[in-house]
Amino acid sequence: MNVSLRQLKLFESVARNLSFTRAAEEMHLTQPAVSIQVKQLEDSVGLPLFEQIGKKIYLTETGQSLKSLCDTILGELARFEMEVADRKGLKQGQLRLGVTTTAKYFVPGVLGPFCDLYPGIEVSLKVSNQQALLERLARNEDDLYILGRPPKQMAVTALPFMANPLVMLAHPEHPLAGVKNIPPQRFAEEWFLMREPGSGTRTATERFFAERGISLRERLTLGSNEAIKQAVMAKLGVAVLSRSTIALESEVGRMVILDVEGFPIRRHWHIVYPADKRLSVVAQTFCDYLGSHTQAAGEPSAPDSEE
Ligand code: PGA
């Protein structure tokens, strides 16, 4: 089969984006140039790789097999390039990170000095809630994931690297503000502002109260930490969020952390990847960097509340 690496790269981009236009943009080519190359590839294979239904394109079964072959070939090639660069004393290549919407508050602060130290490493960041990241992890779409809780149902390596306490937030004029040791049962009467299903923060909150037999009154479901904070500040209810999300607001006194028995919910940030994955040089460099540069920010190593 007369197939070039260039054709495989173009095909992979079209297959991942399911769009010739987006692949052309990504590869800095015109759309007809991409179409011609993919057509030549199809001719070499001798079977269609895509089918068009309406305006959308889909991978055929042959296309799907070729896409997974491309993932392997291009992944191994990128790894080899990084190893060669490493032997030349350079750390360079691409680092694809998937981080939860809650981790995005501290990850840029870590990435800044990391990118300064390793200017040859190009980082791309995918920010999603926990559930969406677990789906990406199952498909092995990124190099590393930063999650609040490693999945139990998948074989993964999970390295805890920094404390991630979850706190109960309220408006400063809330009647419980300033009260000591509030029993969790007291929150059965409160209106709660909750993250969307699929959020790690939501799961941890639900688990904490369910374990104590307390049902929560959910007033609003909001798809982001920012929206939750705005709703707390608008006195719409109380909410449980990671402490890393509220540095600014609590500093200027627009929100308070309530003193609830059993709180903060103890969690850790984990770097997670499939157990059988051989990390690239660049991914390993980032793991080592995180381990040595974030320990100081952690709290005494108590086990996570959810274990
Ligand atoms: P979330 O994730 O942004 O999905 O709530 C936080 C976490 O994983 O702890």
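This is a tutorial dialogue on how to read some features of a predicted model.

User: Where do I start: how many helices and strands does the protein have?

Analyst: Begin with the overall inventory. This predicted model has 10 helices and 12 strands. Its C-alpha atoms fill a box of roughly 75 × 50 × 35 Å along the principal axes.

User: What share of the 307 residues counts as buried?

Analyst: The share is 44%. A residue is called buried when its relative accessible area is under 20%, and exposed when that area is over 50%. Take alanine 23, which is placed in helix H2, residues 20–26. Alanine 23 counts as buried because its relative accessibility is 0%. Leucine 147 belongs to strand S5, residues 144–147. Its relative accessible area is 1%, so leucine 147 is buried. Serine 128 is part of strand S4, residues 121–128, and it counts as buried because its relative accessibility is 13%.

User: Why does asparagine 140 count as partly exposed?

Analyst: The middle class lies between the two cut-offs, 20% and 50%. Asparagine 140 has a relative accessibility of 42%, so it counts as partly exposed. Asparagine 140 is found in the loop between helix H6 (130–138) and S5.

User: How do I read burial along a helix, and which residues of helix H8 are buried?

Analyst: The general idea is that an α-helix has 3.6 residues a turn, so residues three or four places apart point the same way. In helix H8, residues 225–233, the buried residues are Asn225, Ile228, Lys229, Ala231, Val232 and Met233.

User: What is the phi of lysine 235, just after H8?

Analyst: Most residues other than glycine have a negative phi. Lysine 235 is not a glycine, yet its phi is positive, about 65°. Lysine 235 lies in the loop between H8 and strand S10 (239–242). Asparagine 140, also not a glycine, has a positive phi of about 55°.

User: Which residues does the cis peptide bond join?

Analyst: As a rule, most peptide bonds are trans. Here a cis bond joins phenylalanine 263 and proline 264, with omega about -5°. Proline 264 is in the loop between strand S11 (256–257) and strand S12 (268–274).

User: Now the ligand. Where does the ligand sit, and which residues surround it?

Analyst: Find the site, then list the neighbours. The ligand sits in the largest cavity. Around the ligand are Thr100, Thr101, Thr102, Asn129, Gln130, Gly148, Arg195, Ser199, Gly200, Thr201 and Arg267. By class, this shell holds no nonpolar residues, nine polar ones and two charged ones.

User: How do I read single contacts, such as the one between the ligand and arginine 267?

Analyst: Look for pairs of N or O atoms within 3.5 Å. An N or O atom in the side chain of arginine 267 is 2.2 Å from an oxygen atom of the ligand. For threonine 201, a polar side-chain atom lies 2.6 Å from an oxygen atom of the ligand. Glycine 148 uses its backbone: an N or O atom there lies 3.0 Å from a ligand oxygen. As for cover, on its own the ligand has 280 Å² of accessible area, and the protein covers 99% of that.

User: Serine 199 is in the list of neighbours. Is serine 199 buried or exposed?

Analyst: Apply the cut-off of 20% again. Serine 199 has a relative accessible area of 1%, so it is buried. Serine 199 is placed in the loop between strand S8 (191–195) and helix H7 (200–211). A polar atom of the serine 199 side chain lies 3.1 Å from the backbone nitrogen of threonine 201.

User: Which side chain does histidine 174 contact?

Analyst: Polar contacts can also link two side chains. The side chain of histidine 174 makes a polar contact of 2.8 Å with the side chain of glutamate 190. Histidine 174 lies in the loop between strand S7 (166–170) and S8. With a relative accessibility of 15%, histidine 174 counts as buried.

User: How do I read separation along the chain against distance in space?

Analyst: Give both numbers for a pair. Alanine 23 and lysine 9 are 14 residues apart along the chain, and their C-alpha atoms are separated by 9.8 Å. Serine 128 and alanine 15 are 113 residues apart, with 22 Å between their C-alpha atoms. For leucine 147 and arginine 254, 107 residues apart, the C-alpha separation is 28 Å.

How values were computed:
Residues are numbered from 1 along each chain as its sequence is written. This is a predicted model: local features need pLDDT of at least 70, side-chain atom pairs count only at pLDDT 80 or more; totals for chains, interfaces and linings use all residues. Side-chain values use heavy atoms; hydrogens and water are left out. A residue is near a molecule or strand if one of its heavy atoms lies within 4 Å of it. A polar contact is a pair of N or O atoms within 3.5 Å; within protein, one must be able to donate a hydrogen and the other to accept it, and residues adjacent in sequence count only if both atoms are side-chain atoms. Accessible areas come from the Shrake-Rupley method with a 1.4 Å probe; for residues, only the protein chains shown count as cover. On a 1 Å grid over the protein atoms alone, a cavity is a set of points where a 1.4 Å probe fits but cannot get out, and a pocket is an open set with protein on both sides within 12 Å along at least five of seven lines; lining residues have an atom within 4 Å of a point. A molecule sits in a cavity or pocket if more than half of its atoms lie within 2 Å of its grid points. Ala, Val, Leu, Ile, Met, Phe, Trp, Tyr, Cys and Pro count as nonpolar, Asp, Glu, Lys and Arg as charged, and the others, Gly among them, as polar. Helices (H or I, at least four residues) and strands (E, at least two) are DSSP runs, numbered from the N terminus. Buried means under 20% relative accessible area, exposed over 50%, partly exposed in between (1.4 Å probe, protein chains only).
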